[in-house]
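This report covers the spaces in and around one protein model, its ligand shell and two backbone oddities. Please keep the structure open while reading.

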Amino acid sequence: MQFKLTDEQKMMQDMARDFAQKEILPTLKEDERDHRFRPELVKKMADLGFFGCAIPEEYGGNGCGFFESVLLAEQLAKVSGSWRVPLNMQNIGPSVTVNRFGTREQKERFIPAWVKADSFGFFAITEPNSGSDVAGMGTTATDRGDHWELNGQKMWISNAHVGDWGLVYAFTDKSKKYKGMTCFIVNLKDNEGIVTAPIETKLGLHCSPTGEIAFTKARIPKDSILGEVGQGFKICMWQLNNTRVSCAAGALGIGGGAIEAAINYANERTQFGKKIGSYQMVQAQIADIVAEHEAAKLLVYQAAWLKDQGMPNQHQTSIAKLFASEAAVHATSETMKIFGSYGFSTEFPAERFLRDAQSLRVVEGTSNIQKTIIAGIALGDVENR
Amino acid sequence: MNILVCIKQVPDMESRFKVDEDGTWFDGADLAWRMNEYDEYAVEQAVQLKEETGGDLTVLCIGPERVKETMKKALAMGCDRGVHVVDNESFKKDPFAIASIIAEFAGPKNFDLIFTGMQSQDRGSAQVGVLVAEMLGLPCATTIVGFSFDNGVISVKRELEGGVKAKVTASVPALVTCQLGLNSPRYLTLPNILKAKKKEMLVIPVADLSKTQALEETTSLYFPEKKGTGLILEGDVADLADQLIKILKEKTAVLA
Ligand SMILES: Cc1cc2nc3c(=O)[nH]c(=O)nc-3n(C[C@H](O)[C@H](O)[C@H](O)COP(=O)(O)OP(=O)(O)OC[C@H]3O[C@@H](n4cnc5c(N)ncnc54)[C@H](O)[C@@H]3O)c2cc1C
């Protein structure tokens, strides 16, 4: 057992912390207020090699794995929950998935562009009437001889209205149920049959664009299929098992950021002539969230490490995602209490941490869905992959 | 160009310092360590020069095993090789002894240019760079905030007291000590961090280079005594302003 980061990993962690402090924090208040996504910041991250994890060098890989990507996600999310999302959009989502299932031509064509952020990535699974029930989706792809025709609507898609190339999941044969689903690599721009629109009514993650995509007789080239026809569900589950760990790392960041703020405040604020941190009840609040945070950290790091070893990890990934998201929600909620009325003020960061943390137990499979996966494997009904 | 940059590992200045058992330095046990801030500017400038002119860039650091971590950062920033002078008691050496070690190493290597920080954040003597230049018989420009190199001549901008700037030129070989404002060190990139792992790290026991004795000794290190509480003024605003102006005039040089 080895619980120590290498010097290189520490340097990456420091660098990401420094980057978040200098590039994200200074304008965060205004960016949050204006729901501003900054494409140039994604570019800067790309230039520093943020998006080349778990990718072979020939396609722009940086020689790092999931573990390092998790370290980055944690540090970015500590400053802003929104700004860890690009790691999934450019790297852990589409890039890693195409690297696993794509043809050589597809890898050469798409992965370096996502890694360099020349192309903004996305993955579109969720629809107005299907979320947790992925196989309940209604989007279809019909073979029209010289092209595929996409019809349907996707919703809650990160990067939808800013995205270029990304992954779209659709049914090629609804009668085969989940074995009739297929994954397509699709360009959202310059297609008459594709319309995107932002969702601007989100509770949090204001700097991370989320939107809808409508496909109306959208013509997609024949060679757009990732993997094989009918392999879509398998690809989707494989992909979610990866993006999940990045989300869990985001939870470490948001929770950790909140805890830091709570501790500073508890050390500064005095009531009844003493620091509020000197009261046992406040200490108990802090002890709980710190203990949960440290446990979550070990779980998330373990899941990422297992991925880099190529070992089965679905069980550990879902446990990490469930535990870290719930811990983050708890930490941000206790932080709000510790901040008192200032917790309720948008002038202080506590409320933003709380709002952003709420997204964590919804995305990449809700907490209930993680429990379904964990129990399924624990009960021996499903194999850990 | 054959370039040397000298760096020091110092405690993170946010740390909680404790005086050590001897009462002559701080206790290093629970501290987080990082590169001396001014040395980061020195490394960045050296790397920029190397990128511009080509050549070879060596980073040197004196200290215990843990300084390797800081050296790796310099390598990730773009230095070509590291020279680790292993010395578990480097903190006991005065600026003269440290400078002697550097000069002993650098003397035979004929570096065209040597970069150091303007001072260290922990000891703050601002002497090491200057002493090295003296020992090697090199021209030296201190506290530089601007740097350019052309055809064997360096042109630097120096920061003097009271915001005055001076422009200085010198032919290489030369030594410069770097000040805040010289540059903004770029972020490390992930690939460069990994590449640093493969760079050469030369290890030299300090005994091989240490030929002099320290000239100074730190006899005691202590926290300054806590001063009494501040002065609290009371009254309405106009009255407060008058009181404040009076104090500033009488007790400080802020108002004449
Ligand atoms: C900010 C944000 C970004 C997103 N980005 C993307 C993206 O990039 N791509 C994408 O495809 N999707 C994205 N989503 C969508 C997200 O993945 C879904 O919202 C999520 O999968 C849940 O689906 P749903 O909202 O339809 O909820 P539902 O599935 O309708 O669930 C509603 C409730 O029922 C519970 N529930 C449902 N089924 C079960 C069950 N079998 N057992 C127990 N409980 C159950 C759930 O846990 C939940 O509490 C994003 C969502 C948000 C908020």
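The lining of the second largest cavity is made up of seven nonpolar and three polar residues, with no charged ones. This is a predicted model. The cavity has a volume of about 40 Å³. Its lining residues are Phe37(A), Ser82(A), Trp83(A), Val85(A), Pro86(A), Met89(A), Asn159(A), Cys207(A), Ser208(A) and Pro209(A). Two domains of chain A, domain 1 (7–115) and domain 2 (123–231), each contribute at least three residues to that lining.

**The largest cavity**

The count of cavities of 30 Å³ or more is two. The largest holds about 50 Å³ of space. Three helices of chain A, α8 (232–268), α9 (280–309) and α10 (314–338), each bring at least two residues to its lining. Among the lining residues are Ala251(A), Leu252(A), Ile259(A), Ile289(A), Glu292(A) and His293(A). Ala324(A), Ala327(A), Ala328(A) and Ala331(A) also line this cavity. By class, nine lining residues are nonpolar, two are polar and one is charged.

**A pocket with both chains in its lining**

The second largest pocket encloses about 1200 Å³ of space. It has 31 lining residues. Nearest its centre are Asp14(A) and Arg17(A) from one chain, and Asp12(B), Arg34(B) and Lys73(B) from the other. The lining has 14 charged, 12 nonpolar and five polar residues. Which element gives the most to this lining? The answer is α1(A), with eight residues. That helix spans 7–24 of chain A. From chain B, β2 (9–11), β3 (33–35), α1 (37–53) and α2 (67–77) each supply at least two lining residues.

**The ligand shell**

The ligand has 14 residues around it. Ile125(A), Thr126(A), Ser132(A), Trp156(A) and Thr366(A) come nearest. The shell has eight nonpolar and six polar residues, and no charged ones. Polar contacts to nitrogen atoms of the ligand are listed here.

| Residue | Protein atom | Distance to a ligand nitrogen |
|---|---|---|
| Thr126(A) | side-chain N or O | 2.7 Å |
| Trp156(A) | backbone N or O | 2.9 Å |
| Asn368(A) | polar side-chain atom | 3.0 Å |

How much of the ligand does the protein cover? On its own, the ligand has 970 Å² of accessible area, and the protein covers 62% of that.

Two strands of chain A, β1 (123–124) and β3 (147–158), each supply at least two shell residues. The biggest share comes from β3(A), with three residues. By domain, at least three shell residues come from domain 2 (123–231) of chain A, and at least three from domain 3 (233–378).

**Two backbone points**

Most residues other than glycine have a negative phi, and most peptide bonds are trans. Two sites in this model depart from those habits. In chain B, the peptide bond from Val172(B) to Pro173(B) is cis, with omega near 0°. Pro173(B) sits in the loop between β9 (165–171) and β10 (174–178) of chain B. In chain A, Ala54(A) has a positive phi, near 60°. Ala54(A) belongs to the loop between α3 (39–47) and α4 (66–79) of chain A.

Conventions:
Residues numbered from 1 in each chain as written. Chains lettered and ligands numbered in written order. Predicted model: local features only at pLDDT ≥ 70, side-chain atom pairs only at ≥ 80, totals over all residues. Heavy atoms only, no water. Near = heavy atom within 4 Å. Polar contact = N/O pair within 3.5 Å; in protein donor to acceptor, adjacent residues only side chain to side chain. Areas by Shrake-Rupley, 256 points an atom, 1.4 Å probe, with all protein chains shown as cover. Helix = DSSP H or I, 4+ residues; strand = E, 2+ residues; numbered from the N terminus. Nonpolar A, V, L, I, M, F, W, Y, C, P; charged D, E, K, R; others polar. Domains from an automatic or database assignment. 1 Å grid on protein atoms, 1.4 Å probe; cavity = no way out; pocket = protein on both sides within 12 Å on 5 of 7 lines; lining within 4 Å. Points joined across faces, edges and corners; volume = space filled by probe spheres on them.
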